Amino acid sequence: MTERGERLPNEEGGGDVEPGIRAPAKVNLFLRILAREEDGYHQIETLFQKLELADTLHVSLEEEPGVRLELEGVAQNSLGPVEENLAVRAARIYLDHPKADAAASGVRILLRKNIPHGAGLGGGSSDAAAVLRELDRLMGDRLGARELVRLGSRLGADVPFFVLDASRALAWGRGDRLFPLPPLAPRDVVLAVPPVRVPTPRAYARLAEHRRREKASVAEGRIIDPEELSDWAGIAKVAENAFEAALEDAHPEFARLRGQLRDAGARPALLSGSGSAVVGFFESREMALTAAHLIEEAGSGARAIVTRTSIGPSDPLVNASGPWSRVPR
């Protein structure tokens, strides 16, 4: 889901540029890691849910060849090498497509980061999907959603989901087999983000080590009852994350944060993706704000972000004064 709306500042001070697009965060309401394929990729089974917390991008076609990335909200080198940034890679993949406009040789991406980096919230993947969709729009919808999903799957298991307009979806395989689901009633959400970061390859390595040590088999088959996914009470019963047991051995702060959120009334509370953000879902904004203050006052170094679940492409654009916020210290 990408939505045009917020105007980004012109770096030359000459007023605003064209409205930007939003790239929302996600959480995994459940995440099961299945068999490892011969090429090293793991099959997954997950339920994605988008949030109102979002990055904001402006994408434009340029005469100068190449892909240029400019960052706001974070230091220019804080996201790693530019050539490895998923938004940059997405632009290059699109430009290399045979159906892309041959006259378009360059892309400029202005990216305002709001989603914490490396926290399992899908910020980089969402940025990549936003770039794919916006480039396709700028070039007259040459590829369409199906081809964009295929391109997105080359960048990561989360990217295809972000190509969709749906606010939540079941996904399996490499994340490129998707079944969009109708939105649930919005829930207030607290993201507890500890200072530690867990690179995805390390998370998978710890999961493999944990399974060997515990002599645990790969997740077995299951029947997904649609009723389990039709309301938040059902979601709370099926919520799980295969990484939790493996990562909490090395990072007990994840378990502490999960316990703090549950004690504050979160249903469910679980790790998102491969970490390191722990997410709690609350029935009211008051409960969420109380939980967020408890997280930040606990002295663990974790910061709390209060947001809400997204219900679709008509959601209001998120900005610094919008429906999500850092909890003031």
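**Entry 1: ground rules and overall count**

I take helices (H or I, at least four residues) and strands (E, at least two) as DSSP runs, numbered from the N terminus. What I have open is a predicted model. I looked up the totals before anything else. The chain has nine helices and 13 strands. Of its 329 residues, 52% are buried. I also looked up the contacts with a separation of 6 or more: 70% of them join residues 24 or more positions apart.

**Entry 2: Asp-141**

I went to the loop between H2 and H3, where Asp-141 sits. Its phi is positive, about 55°, although Asp-141 is not a glycine. I noted it because most residues other than glycine have a negative phi. Is Asp-141 buried or exposed? It counts as exposed because its relative accessible area is 55%, and the cut-off for exposed is over 50%.

**Entry 3: the helices on either side of that loop**

Next I moved on to H3, residues 144–153, and listed its buried residues: Glu-147, Leu-148, Val-149, Leu-151 and Gly-152. What do they pack against? I find three partners for the buried residues of H3: helix H1 (86–95), helix H2 (123–138) and helix H4 (159–163).

Then I went back to H2 for Asp-127, which belongs to that helix. Asp-127 is buried, since its relative accessible area is 3%. Leaving out residues up to four places away in sequence, I get Ala-23, Asp-55, Leu-57, Ala-87, Leu-111 and Lys-113 as what Asp-127 touches.

**Entry 4: nonpolar cores**

In soluble globular proteins, nonpolar side chains tend to be buried together. Here I looked up the largest nonpolar core, which has 43 residues. Which members touch the most others? I wrote down Leu-57, Tyr-94, Ile-109, Val-131, Leu-132 and Leu-155. H1 gives the most to this core, eight residues.

I picked Ile-109 for a closer look. Setting aside neighbours within four places in sequence, Ile-109 contacts Leu-57 and Val-131, and I also listed His-58, Val-67, Arg-68, Leu-69, Glu-70, Ala-87, Val-88 and Ala-91 as contacts of Ile-109. Apart from the largest core lies another, of 27 residues, with Leu-31, Ile-33, Ala-292 and Val-306 among them.

**Entry 5: Gly-20**

I stopped at Gly-20, in strand E2. Gly-20 is buried because its relative accessible area is 0%. I also checked Gly-20 against Val-59: they are 39 residues apart along the chain, and their C-alpha atoms are separated by 7.7 Å.

**Entry 6: the largest pocket**

I put the volume of the largest pocket at about 1400 Å³. Of its 49 lining residues, the closest to the centre are Leu-86, Ser-125, Asp-158, Thr-200 and Ser-274. Which elements give two or more residues to this lining? I have strand E2 (16–36), strand E3 (42–62), H1, H2 and helix H5 (200–213). E2 supplies the largest share, five residues. By class I get 20 nonpolar, 19 polar and 10 charged residues in the lining of the largest pocket.

**Entry 7: the cavity**

I found one cavity of 30 Å³ or more in the structure. The largest cavity holds about 30 Å³ of space. What lines the largest cavity? My list is Leu-69, Leu-71, Gln-76, Leu-79, Gly-80, Pro-81, Val-82 and Asn-85. That lining splits into five nonpolar, three polar and no charged residues.

**Entry 8: H7 against H8**

I looked at how helix H7 (residues 243–250) and helix H8 (residues 252–263) pack: the angle is about 115° and the axes are 5 Å apart. From H7 I have Glu-244, Leu-247, Glu-248, Asp-249 and Ala-250 in the contact; from H8, Pro-252, Phe-254, Ala-255 and Arg-258. By class, I count five nonpolar, no polar and four charged residues in this contact.

**Entry 9: cis peptides**

Most peptide bonds are trans, so I looked up the exceptions. Arg-267 and Pro-268 are joined by a cis bond, with omega about 0°. Pro-268 lies in the loop between H8 and strand E10 (269–271). I noted a cis bond from Gly-275 to Ser-276 as well, with omega near 20°. Ser-276 is in the loop between E10 and strand E11 (278–282).

Terms used:
Residues numbered from 1 in each chain as written. Predicted model: local features only at pLDDT ≥ 70, side-chain atom pairs only at ≥ 80, totals over all residues. Heavy atoms only, no water. Buried < 20%, exposed > 50% of the residue type's maximum accessible area, 1.4 Å probe, protein only. Contact = heavy atoms within 4.5 Å. Core = buried A, V, L, I, M, F, W, Y, C linked by side-chain atoms within 4.5 Å. Axes fitted to C-alpha atoms, helices over the stretch in contact; angles between N-to-C directions. Nonpolar A, V, L, I, M, F, W, Y, C, P; charged D, E, K, R; others polar. 1 Å grid on protein atoms, 1.4 Å probe; cavity = no way out; pocket = protein on both sides within 12 Å on 5 of 7 lines; lining within 4 Å. Points joined across faces, edges and corners; volume = space filled by probe spheres on them.
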